[in-house]
Amino acid sequence: MIPFLPQWPDTPIVVYLPPWPDDRIAQLIAIGDALPSEPATVVQGYETVTKRCTTISWIRTDNPDALPFYNALANDVLKVNAEKWNFDLFGFIDNLQYTVYHEGDEFSWHVDCGPKLPPRKLSVVVQLSDPADYEGGDLQLRVGGVVETAPRAKGAVILFPSFIDHHVTLITRGMRKALVAWIAGPAF
């Protein structure tokens with residue numbers, strides 16, 4: 001057997017950035033709430049069936065009001081990638097996904113990449129809701145067999161390689177809103 005050696009032994013796999021300011025979050029929520037929503041779907045893998053109950057909207061690149069958010073995410077991604085992973089990237093693979101979890105919604109364990117998906121290398125989540133507005137709805141990531149819960153602070157930015165297993169726990173009260181983005185690059 002070939003031994004596994006971690007590529008980044010001293011680098012955190014998940015990176016948490018300081019929260020975006022409240023005015024930026026309010027603008028983003030206003031854009032997302034004005035868009036038509038649809039039930040979220042899941043691309044099925046070869047053996048894994050993932051449960052996903054939530055609604056989504058797409059914040060398109062041609063929306064001039066969205067440009068500051070694309071730029072802010074790009075700046076965060078470029079900075080963190082240069083400092084932590086140095087992945088070869090070519091940019092956003094999809095429009096920004098505005099995700100709303102209502103009471104009873106969840107997204108079971110999954111990864112954001114695979115043979116039936118575009119070549120996603122990095123995933124980004126921005127927490128948009130005040131943590132007092134909902135219960136449950138934790139973004140959890142499984143890193144090296146350990147489950148860690150991402151910060152719930154309004155505006156918190158979470159970056160991680162798209163191959164990291166993660167989920168959003170069941171919402172038991174209220175509503176959680178988040179922005180999700182994926183950054184692509186050539187296959188590993």
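Two strands count as paired if DSSP finds at least two bridges between them. Helices (H or I, at least four residues) and strands (E, at least two) are DSSP runs, numbered from the N terminus. This is a predicted model, in which local features need pLDDT of at least 70, side-chain atom pairs count only at pLDDT 80 or more, and totals for chains, interfaces and linings use all residues. Residues are numbered from 1 along each chain as its sequence is written, and side-chain values use heavy atoms, with hydrogens and water left out.

**Overall make-up**

The protein has 2 helices and 14 strands. Of its 188 residues, 44% are buried. Buried means under 20% relative accessible area, exposed means over 50%, and partly exposed lies in between (1.4 Å probe, protein chains only). The accessible surface comes to about 9800 Å². Carbon and sulfur atoms account for 57% of that surface. These areas come from the Shrake-Rupley method with a 1.4 Å probe; for residues, only the protein chains shown count as cover. Contact means heavy atoms within 4.5 Å. Among contacts between residues at least 6 apart in sequence, 83% join residues at least 24 apart.

**The five-stranded sheet and other pairings**

Strands of a sheet pair through backbone hydrogen bonds, either parallel or antiparallel. Here an open sheet of 5 strands runs in the order β3-β7-β13-β10-β11, with antiparallel pairing. β3 (52–53) and β11 (146–149) stand at the edges with a single partner strand each, so one side of each is left without a neighbour in the sheet. The partner of β3 is β7 (residues 106–110), joined over 2 bridges. In that pairing, Cys53 stands opposite Glu106.

Further antiparallel pairings are listed below.

| Strands | Bridges |
|---|---|
| β2 (residues 38–39) and β4 (residues 55–59) | 2 bridges |
| β4 and β6 (residues 96–102) | 5 bridges |
| β1 (residues 15–17) and β12 | 3 bridges |
| β8 and β12 | 5 bridges |

Strand β4 thus appears with both β2 and β6. Towards β2, Ile56 of β4 stands opposite Glu38. Towards β6, Trp58 has Gln97 as its bridge partner.

**Strand β12**

How many of the 5 residues of β12 (residues 157–161) are buried? The count is 5 of 5, and the strand is mostly covered. In a regular strand the side chains alternate between the two faces of the sheet. In β12 both faces are covered. Val157, Leu159 and Pro161 lie on one side, Ile158 and Phe160 on the other. Two of these residues also mark the pairings. Ile158 stands opposite Tyr16. Phe160 stands opposite Ser123.

**Helix α1**

Helix α1 (residues 22–34) has 13 residues. Its first and last C-alpha atoms are 18 Å apart, close to the 18 Å expected at 1.5 Å a residue. The expected span is 1.5 Å times one less than the number of residues. Ile25, Leu28, Ile29, Ile31 and Gly32 are buried. Seen down the axis, these buried residues fall within an arc of 160°, so they line one face of the helix. The arc is that of the directions from the helix axis to the C-beta atoms. Asp22, Asp23 and Ala34 are exposed on the other side. The cover over the buried residues of α1 includes β4, α2, β6, β8 and β14 (171–184).

**Helix α2 and the residues after it**

Helix α2 (residues 67–84) has 18 residues, which should span 26 Å; its end C-alpha atoms are 25 Å apart, which agrees. Which residues of α2 are buried? They are Phe69, Tyr70, Ala72, Leu73, Val77, Val80 and Asn81. Down the axis of α2 they fall within an arc of 165°, so they line one face. Asn75, Leu78, Lys79, Ala82 and Glu83 are exposed on the other side.

Just after α2, Asn86 takes a positive phi of about 60°. Trp85 and Phe87 are both buried. The structure holds 3 aromatic pairs. One of them joins Trp85 and Phe87: the ring centres are 6.0 Å apart and the planes at 20°, so the pair is stacked. Rings of Phe, Tyr and Trp (its six-membered ring) pair if their centres lie within 6.5 Å; planes under 30 degrees apart count as stacked, over 60 as edge-to-face and the rest as tilted.

**Gly114**

Gly114 is found in the loop between β7 and β8 (120–127). Gly114 is partly exposed, with a relative accessible area of 33%. Its C-alpha atom is separated by 9.2 Å from that of Ser162, 48 residues away along the chain.
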